[in-house]
Amino acid sequence: MFGTFEFGLPDDPRRTRRPGLRLWLLGVPTTLAWAAAGWSGALGLLDGFRLMSLNRVDTWGPDAGPAVSLVLFFSVSITVASSLGFAMLWGGGMSLRGMGVGFRASSLAASLGIALGTGAAIPSWTPPESVGKRLPSEPWTEVDWIIYYEPYLVPAVAGVTALVMIMVLGRAFVTKAEADDRAQALAQTGRQVIGHVIGVEFTNVWVMGNPRFTVQVRFPTDAGERTVVATMITPPLQAPARGSTVKVTYDPRDPDSVLIDPDPADRAAGGNLGAFLPPLF
């Protein structure tokens, strides 16, 4: 009834958005913060639980002072890392697509940092008092052996995750760059005409307070009139209505490739607010 709300501003494809620099500037300290969280978490938390699981039950006894300090350090570092990761979420740009890139970059920084931090902690894990059996003589199970190799498994899993995220993020950057280049080229070299809205449908989606519409637009080309269906996000007072006019930028070689914007001179736009405004009560 109230529609779907999405965070992020609408994409303006004619503005050059290269989030790479911002994500790099945020990614380096984020990765280091996650590395600190991985290192302190491995030695302050996982190391103690590993010993207790294998053959020692008094790890948190009187000799637990350094472990407690590492837990406090872990709490601080993971708080900083999480905050920087949230900042990276917006580092890709204030748009839905940019937030997707920021989320992937933040995930990469987290997995890479944890892999580095836990990898650096490998030599410092406390060796169990006996290998292959619990004290006094109970043999280890398969799960115990997995826990025994935990110092190597944790960075290995995080490293594989980081490699996957590198491939996913690389593909996202390439896709976004290609889309931006096509849109920017269309905005610079395309032909701009005035089109008429012959059909409009509210998608029941709101993006930062702006409604999203599916519009059917008819506009003139060198080969005659053409009709396309596209989406547009506008302020409520510039919402399209049947019979209103819009600005259409199209590629003469491919008239189906269009950019549609509100026409500020059109007085018919925004005349049907009741069709999409959410109810107040």
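This tour moves from the whole chain to its aromatic pairs and then to a patch on its surface.

**The whole chain**

Begin with the entire protein in view, bearing in mind that the model is predicted. The mean pLDDT is 77, and 77% of the residues reach 70 or more. Displayed as a cartoon, the protein has 5 helices and 8 strands. Followed along the sequence, these elements come in the pattern β-α-α-α-β-β-α-α-β-β-β-β-β. The chain has 281 residues, of which 40% count as buried. Among contacts with a separation of 6 or more, 72% are accounted for by residues 24 or more positions apart.

**Residues 1-17**

Next, select residues 1-17, where pLDDT stays under 50. The model has 50 contacts beyond four places in sequence for this segment. Where pLDDT is low, the predicted coordinates should not be read in detail.

**Aromatic pairs**

Turn now to the aromatic side chains, which form 7 aromatic pairs. One of them joins Y148 and Y149 in an edge-to-face arrangement, with 5.0 Å centre to centre and 75 degrees between the planes. Y149 counts as partly exposed because its relative accessible area is 41%, which falls between the limits of 20% for buried and 50% for exposed.

Then select F219 and Y250, a tilted pair with 5.3 Å centre to centre and 45 degrees between the planes. F219 lies in strand β5, residues 210-221, and Y250 in strand β7, residues 245-251, so the pair ties together parts that are 31 residues apart in sequence. Are these two residues, F219 and Y250, buried or exposed? Both F219 and Y250 are buried.

Return to Y148 and Y149 and add W140 and W145 to the selection: ring pairs link these four residues into a cluster.

**The nonpolar patch**

Keep W145 selected, and locate it in helix α4. With a relative accessibility of 33%, W145 is partly exposed. Which residues make the nonpolar surface patch? The patch is made by V131, W145, I146, Y149, Y152 and L153, and covers about 600 Å². Two elements, α4 (142-148) and α5 (150-189), give two or more residues to the patch. W145 and Y149 thus appear in the patch as well as in the ring cluster.

**The full surface**

Finally, show the surface of the whole protein. About 15500 Å² is exposed, and carbon and sulfur atoms supply 64% of that area.

Notes: Residues numbered from 1 in each chain as written. Predicted model: local features only at pLDDT ≥ 70, side-chain atom pairs only at ≥ 80, totals over all residues. Heavy atoms only, no water. pLDDT = per-residue confidence, 0-100. Contact = heavy atoms within 4.5 Å. Phe/Tyr/Trp six-rings, centres within 6.5 Å; stacked < 30°, edge-to-face > 60°. Buried < 20%, exposed > 50% of the residue type's maximum accessible area, 1.4 Å probe, protein only. Helix = DSSP H or I, 4+ residues; strand = E, 2+ residues; numbered from the N terminus. Patch = residues over 30% accessible without salt bridge, like charges linked within 9 Å, V, L, I, M, F, W, Y side chains within 5 Å. Areas by Shrake-Rupley, 256 points an atom, 1.4 Å probe, with all protein chains shown as cover. Salt bridge = Lys/Arg side-chain N within 4 Å of Asp/Glu carboxyl O.
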